[in-house]
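User: I should like to learn how to read the structural features of a protein model. Could you take me through them in turn?

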Amino acid sequence: MPPLPAPQTASQAASQAASQAASQAIDWVPSLEDRSRPVYIAIADAIAADIGAGRLRPGDRLPPQRILADRLGIDFTTVSRAYGEARHRGLVDARVGQGTFVRKTGHVLPPFAAEPHTTVGTVPLAVSMAMNQPPQPEESAALTARMTRGIAAATAALGLPDLLRYPDGADSPDDRESAVHWLRHRLPGLTAERVLVAPGTQAALLALLSALARPGDTVCAEALTYPGFRAAAAQLGLRVVGVPMDADGIDPDALRATLAEHRPKALYCIPTFHNPTTATMPEERRRAVAAVMRDHNVPIIEDDIYGPLPETAPPPLAAFAPELTYHVAGLAKCVSPALRIAYVTAPDARQARRVAVAQRATTLIAAPLSAAIARLWIADGTAEAVRDAIRTEAMARRALAESLLPAERIVTKREAFHLWLTLPDGWTGGEFTAHLRSRGISAVAAEAFATTPDVPAALRFCLGAPLDRDETRRALEILADALVLPPATAGVII
């Protein structure tokens, strides 16, 4: 493998690209006379106003974010948020490596209302709290620059031949060693021959189910589980049987009864920051679940995608039943959803090869460029820095939620960026999410996660989806207002 280029080379490349983008952008500076709203909202408003007045035309390239920040004497992050708000409204399009352009066609959404709780009737969707994605950290300009330098360095390190050819194998020894380094705190003693690099957790689940079960077989999961697992099982013609849960996760006694009755081919579970409830199995519960699985000799698919987020967390199930557990550690929730990289640890090298065969039949390989970026970020500490920033932002948004929502209605964890909301009497999850949508907010009702007929009146609310804490607060205020209204009153239409 060729050596990585010096950081100065990447910086020079980034500077050259920025200069080229600036030379091709229009000479535009927004008017910020109205200081009654946040600056990033004012910039987005100015883009909308100048488009309406003809000062900005379809196809115009806006100034690069850093250059506009310098012109206005404001922080780079503020301009980044402003362009993000303009994209949300449908005013502009962002093209990777090219810049931000005034949109040529499309429906334009209005800005997020200053007092959205006073709106009557159906309004356009203002913010989606449905996709469970990590929050963008506050003041992230330095972190963004660090990540950008890493991407440039990883691309340069691969070289043209590797960028234009398929790799010789499913993944490289270097990528597997990176996985070992990343997982060293979760799975001490892990060796590279047990690891497979997959193009994201969803692809890993599809490969694992393909390797462990056949159409018509049964697999188990928690009574509420990740919808992507249900989709993968359905795609493969598998029957999913739900296992009852309590506040600590899977009930071991119920699990034992389910295994005896249904004889499943595998158990899928999320022991840490369970999706959707955030339940986290204590170590004693993990030992009990592992013992039940050992007694029945049934494989475990452990989705540990949230495992790196808690500052302190119990060991994974793979530590208690390593001979049965397929441990999946995706980077989407703790580093970047854009990487689409997950590390699958199999019980042994033979089982890892078996899963690799299934992966080649379904999703082929992980993208070498994504794997290279992940490898470099893990090696130079960028991945841990991003995770720490996500963790910090998640804690800040969780604190906002706890300050604005009734304590008896929410379940979450200190570093989690989603929460589980139980609803007042009279509401169903579907009715309440429809009510929220009429007020510009989306969330996911319990029905989407259910694997048993016993569906609670609850929903999952993602705190990572809004652009920043201000937008998070506004969405939470809408949610808090909605919880006060009884169903009959909220449903009145004219």
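Analyst: The dialogue below goes from the overall composition to individual features. Please keep in mind that this is a predicted model.

User: To begin with the whole chain, how many helices and strands does the protein have, and what share of its residues counts as buried?

Analyst: The secondary structure comprises 16 helices and 17 strands. Of the 494 residues, 52% count as buried. The protein exposes about 21800 Å², and carbon and sulfur atoms supply 54% of that area. As for contacts between residues at least 6 apart in sequence, 72% join residues at least 24 apart.

User: How should I read a sheet, and what is the strand order in the open sheet of four strands?

Analyst: In general, strands of a sheet pair through backbone hydrogen bonds, in either a parallel or an antiparallel manner. Here the order is S13-S14-S17-S16, and the pairing is antiparallel. The edges are strand S13 (410-411) and strand S16 (444-445), each of which pairs on one side only. Between S13 and strand S14 (residues 418-422) there are two bridges, in the antiparallel sense. At the level of residues, Val 411 has Trp 420 in S14 as its bridge partner.

User: Turning to the interior, which residues of the largest nonpolar core touch the most other members?

Analyst: A nonpolar core is a set of buried residues, such as Leu or Phe, joined through side-chain atoms within 4.5 Å. The largest one in this model has 74 residues, and Trp 182, Ile 301, Val 335, Ile 341 and Tyr 343 touch the most other members. Helix H7 (residues 201-212) contributes the largest share, eight residues. Apart from this core lies another of 24 residues, including Leu 421, Phe 461, Ala 480 and Ala 482.

User: Which residues does Trp 182 touch, leaving aside those up to four places away in sequence?

Analyst: Trp 182 touches Pro 308, Leu 331, Cys 334, Val 335, Tyr 343, Ile 378, Ala 383 and Glu 384. One of these contacts, Glu 384, also takes part in a salt bridge, with Arg 184.

User: How are salt bridges to be read, and how many does the structure hold?

Analyst: The general idea is that side chains of opposite charge can pair when their charged atoms come close. The structure holds 20 salt bridges. In one of them, the side chains of Asp 468 and Arg 81 meet at 3.9 Å, N to O. Asp 468 lies in the loop between strand S17 (458-462) and helix H15 (469-484), while Arg 81 lies in helix H4 (residues 76-89), so this pair ties together parts that are 387 residues apart in sequence. Both Asp 468 and Arg 81 are buried. A network of salt bridges links Arg 81, Glu 138 and Asp 468.

User: Where do Arg 184 and Glu 384 lie?

Analyst: Arg 184 is in the loop between helix H6 (173-182) and strand S4 (195-198), and Glu 384 is in helix H13 (residues 382-404), so their salt bridge ties together parts that are 200 residues apart in sequence. The separation in space is 3.1 Å, N to O. Arg 184 is partly exposed at 30% relative accessibility, and Glu 384 is partly exposed at 27%.

User: What is an example of a salt bridge in which both residues lie in helix H10?

Analyst: Arg 287 and Glu 283 both lie in helix H10, four residues apart, which is about one turn of the helix. Their side chains meet at 2.8 Å, N to O. Arg 287 has a relative accessible area of 47% and is partly exposed; Glu 283, at 33%, is also partly exposed.

User: How does one read the backbone, and where is Pro 276, which follows a cis peptide bond?

Analyst: Most residues other than glycine have a negative phi, and most peptide bonds are trans. The peptide bond from Asn 275 to Pro 276 is cis, with omega near 25°. Pro 276 is located in the loop between strand S9 (267-269) and helix H10 (283-296). Arg 263 is not a glycine, yet has a positive phi of about 50°. This residue sits in the loop between helix H9 (252-262) and S9, and Arg 263 counts as exposed at 68% relative accessibility. Leu 364 likewise has a positive phi, of about 65°. Leu 364 belongs to the loop between helix H11 (349-362) and H12.

User: Finally, which residues make the nonpolar surface patch?

Analyst: Leu 160, Leu 163, Leu 164 and Leu 369 make a patch of about 390 Å². Leu 369 is in helix H12 (residues 368-380) and is partly exposed, at 33% relative accessibility.

Conventions: Residues numbered from 1 in each chain as written. Predicted model: local features only at pLDDT ≥ 70, side-chain atom pairs only at ≥ 80, totals over all residues. Heavy atoms only, no water. Pairing = 2+ DSSP bridges. Patch = residues over 30% accessible without salt bridge, like charges linked within 9 Å, V, L, I, M, F, W, Y side chains within 5 Å. Areas by Shrake-Rupley, 256 points an atom, 1.4 Å probe, with all protein chains shown as cover. Salt bridge = Lys/Arg side-chain N within 4 Å of Asp/Glu carboxyl O. Buried < 20%, exposed > 50% of the residue type's maximum accessible area, 1.4 Å probe, protein only. Contact = heavy atoms within 4.5 Å.
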